[in-house]
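Thank you all for coming; I would like to spend a few minutes walking through one structure with you. Please have the sequence and the model open as I speak.

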Amino acid sequence: MIQSVLVANRAEIASRVFRTCRDLGISTVAVHSDPDASLPYVHEADAAVRLPGSSPAETYLRGDLVVKAALAAGAEAVHPGYGFLSESAGFAQAVVDAGLTWIGPPPAAIEAMASKTRAKQLMAAAGVPLLAPVDPAKATTADLPLLLKAAAGGGGRGMRVVRDLRELPGEWEAAAAEARSAFGDGEVFAEPYVERGRHVEVQIMADAHGTVWALGTRDCSLQRRHQKVVEEAPAPGLPEALRTRLRTAAVAAARAVSYRGAGTVEFLVDGRGRAYFLEMNTRLQVEHPVTEAVFGIDLVALQLQVAEGAALPAEPPEPTGHAVEARLYAEDPAGGWTPQTGVLHLLDVPGVRLDRGYGDGDTIGVHYDAMLAKAVVHAPTRAAAVRTLARALERARIHGPKTNRDLLVRSLRHPDFTSGRVDTGFYDRHLPALTEPRAGEAHAALAAALADAAGRPSRFGGWRNLPSQPQAKRYGDHEIRYRLTREGLTADGFPDVRLEAAEPGLVRLEVDGVARDFRIARYRDQVYVDTATGSYALTAHPRFTDPSELLAPGSLLAPMPGVVVRVAEGLAEGVRVTAGQPLIWLEAMKMTHPITAPASGTLTALHAAPGRQVEVGALLAVVQDAPAAQEDQPS
């Protein structure tokens, strides 16, 4: 039996595996990069080994260092988690060659499925339906749109949709570069892109004795940048005949490679109900908790038992109810999904299963995935699970970098989602409406101003002794002017607001006859106002100066901290560029983000170079509409 496990991963998934290991009496070993040294998972483990460096290539993608760490710490087995080296046959073989137990499928099965191109060939031979690959060198307009995909990994890395053949070479290069950074393998392939298809998958679990479970279906169609955002089990609205075909195909895929352990077979279901094999993930999925909830099992515990040689029962447990998972990301959906960094002061989502990778006070950096946590709800019906999860996220207190929380709440309550009409184009159609500013921010700013006044030193204390002279305070774009007298609160622009109580951390306002509580927390110049219907992040003035206010028009600023991985070919001072032309590519949180020209003109300054680390707001380049006579003269 396994006595000690090293998890070759970080953050949320490492904590998840450690939790099951503790329940089973198994000791644990963590590995960590330098930026991750203080994260909760490191201290949850019984022992930890440092992987010197910051980037994935220096740390979690160094299989030799991970194996060395396992041996040094006395671990008997290695669990790969998901991402990084979890689908590397070479790493799995290195673990086995070192005399350690690999908690995953045999290296040969990983090798067979690791390359999506080889996996498709194997599935075709097994009779599993699939989309035919497209040779990019021979692609025509009739083949559009095309989906470019990394052959060696998933999670949206190395994926691009091409709708114009002129964009194919550049997008191919960008996808290959992102794949090399995330997986150490730049192989990319092309296949038809199915518009408005559904992403449906089947969780499998197999042992070494010939038993293969197909644990229902999951729908993962709500995606941004080809990364999943909301997942649920079972997939809603599928005919029973289609469910049977999917489960049968998943079992066939597993048997075709003598699979063992946990894995997921992913399918694309088009508008006519036809299913096509996409890929097989030879690892545990991020969304595995929804299957655990529906079937009442612990997939990590089953992985450990299978790795020890145990046999599964002939049939899995019967599923019950419905489960929904939402991924909470540090990102700005309205700003091109740009990842956000900074200190996570508080993360509290009551009433749900919360699998989190960061603790309160931890810093969200630029090197890894932007996911903060996963919130999971299980209920007797889909409607109940969706409603409960939306309400829990709405009432959550999240103080720190901007997140996709409001987007998740609106997505879960959107009529298309609540009725089960979901597909991978959901955000392409609905994002503008889902990211509109919420009403109520002005009232939140007023509550923040009153809380600030209540917290000032007072001879008598209490909100009743707030200063009666006119007061002014600015939060973001809101200029709050108010006066407190014996008759109550008078505030410019708030004719129907009455103050009931004010303390430094809590203000109660009656708005249009309805009393509501506003909970206020302040971290230097950042103020967070939490209400029963949502939260607001405000900046108290004086604010840090906006860098764009001090720079020349046409300045390109880094929208996030990251590393410059590429500049456009031939880009130099004096070169003419066109509006929207990609000029510079930044890598942050394992994704590549293009920086485009704000307008047509001449590049008068270039400060970006491959390999350069930049902070948010850093000046990358300047594009100005210089007179034609000066176009050849660098600024």
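Helices, as I use the word here, are DSSP runs of H or I of at least four residues, and strands are runs of E of at least two, both numbered from the N terminus. With that in place, and keeping in mind that this is a predicted model, let me begin with helix α9, after which glycine 296 follows directly and takes a positive phi of about 65°. The helix itself covers residues 288–295, and since 7 of its 8 residues are buried, it is largely enclosed by the rest of the structure. Those buried residues are His288, Pro289, Val290, Thr291, Glu292, Val294 and Phe295.

Next, a pair of helices. The axes of α4, residues 89–97, and α5, residues 107–114, come within 8 Å and cross at roughly 170°. Angles over 145 degrees count as roughly antiparallel, and α4 and α5 are therefore roughly antiparallel to each other. On the α4 side the contact is made by Ala89, Ala92 and Gln93, and on the α5 side by Pro107, Ile110 and Glu111; sorted by class, that gives 4 nonpolar, 1 polar and 1 charged residues.

Let me turn to the sheets. Strands of a sheet pair through backbone hydrogen bonds, either parallel or antiparallel. One open sheet has 5 strands in the order β26-β27-β28-β29-β30, with antiparallel pairing. At its edges stand β26, residues 497–503, and β30, residues 534–539, each with a single partner strand, so one side of each is left without a neighbour in the sheet. From one strand to the next, the twist averages 20°. Within this sheet, β28, residues 514–523, and β29, residues 526–531, run antiparallel and are joined by 5 bridges, and tyrosine 523 stands opposite glutamine 526 in β29.

Another open sheet has 4 strands, in the order β35-β34-β32-β37, and its pairing is likewise antiparallel. Here the edge strands, each pairing on one side only, are β35 at 591–596 and β37 at 613–614. Strands β32, residues 562–567, and β34, residues 582–588, are paired over 4 bridges in the antiparallel sense, with valine 563 opposite glutamate 587 in β34. Which helix lies across β32, β34 and β35? That is α7, residues 168–183, which runs at about 145° to β32.

A hairpin also deserves mention: β24 and β25 form one with 2 residues between them. The pairing of β24, residues 478–485, with β25, residues 488–491, is antiparallel and extends over 4 bridges, and leucine 484 has leucine 489 of β25 as its bridge partner.

I will finish with two single residues. Arginine 10 lies in the loop between β1 and α1; is it buried or exposed? Its relative accessible area is 7%, and buried means under 20%, so arginine 10 is buried. Its side chain makes a polar contact, at 3.1 Å, with the side chain of tyrosine 358. Beyond its neighbours within four places in sequence, arginine 10 is in contact with residues including Asp36, Leu39, Tyr60 and Phe84.

Glycine 554, in the loop between β30 and β31, is partly exposed, with a relative accessible area of 25%. Not counting residues up to four places away in sequence, glycine 554 touches Pro598, Ala621, Val622 and Val623.

Key: Residues are numbered from 1 along each chain as its sequence is written. This is a predicted model: local features need pLDDT of at least 70, side-chain atom pairs count only at pLDDT 80 or more; totals for chains, interfaces and linings use all residues. Side-chain values use heavy atoms; hydrogens and water are left out. Two strands pair if DSSP finds at least two bridges between them. Axes are lines fitted to C-alpha atoms, for helices over the stretch in contact, and angles run from 0 to 180 degrees between N-to-C directions. Buried means under 20% relative accessible area, exposed over 50%, partly exposed in between (1.4 Å probe, protein chains only). Angles under 35 degrees count as roughly parallel, over 145 as roughly antiparallel, 65 to 115 as roughly perpendicular and the rest as oblique. Contact means heavy atoms within 4.5 Å. Ala, Val, Leu, Ile, Met, Phe, Trp, Tyr, Cys and Pro count as nonpolar, Asp, Glu, Lys and Arg as charged, and the others, Gly among them, as polar. A polar contact is a pair of N or O atoms within 3.5 Å; within protein, one must be able to donate a hydrogen and the other to accept it, and residues adjacent in sequence count only if both atoms are side-chain atoms.
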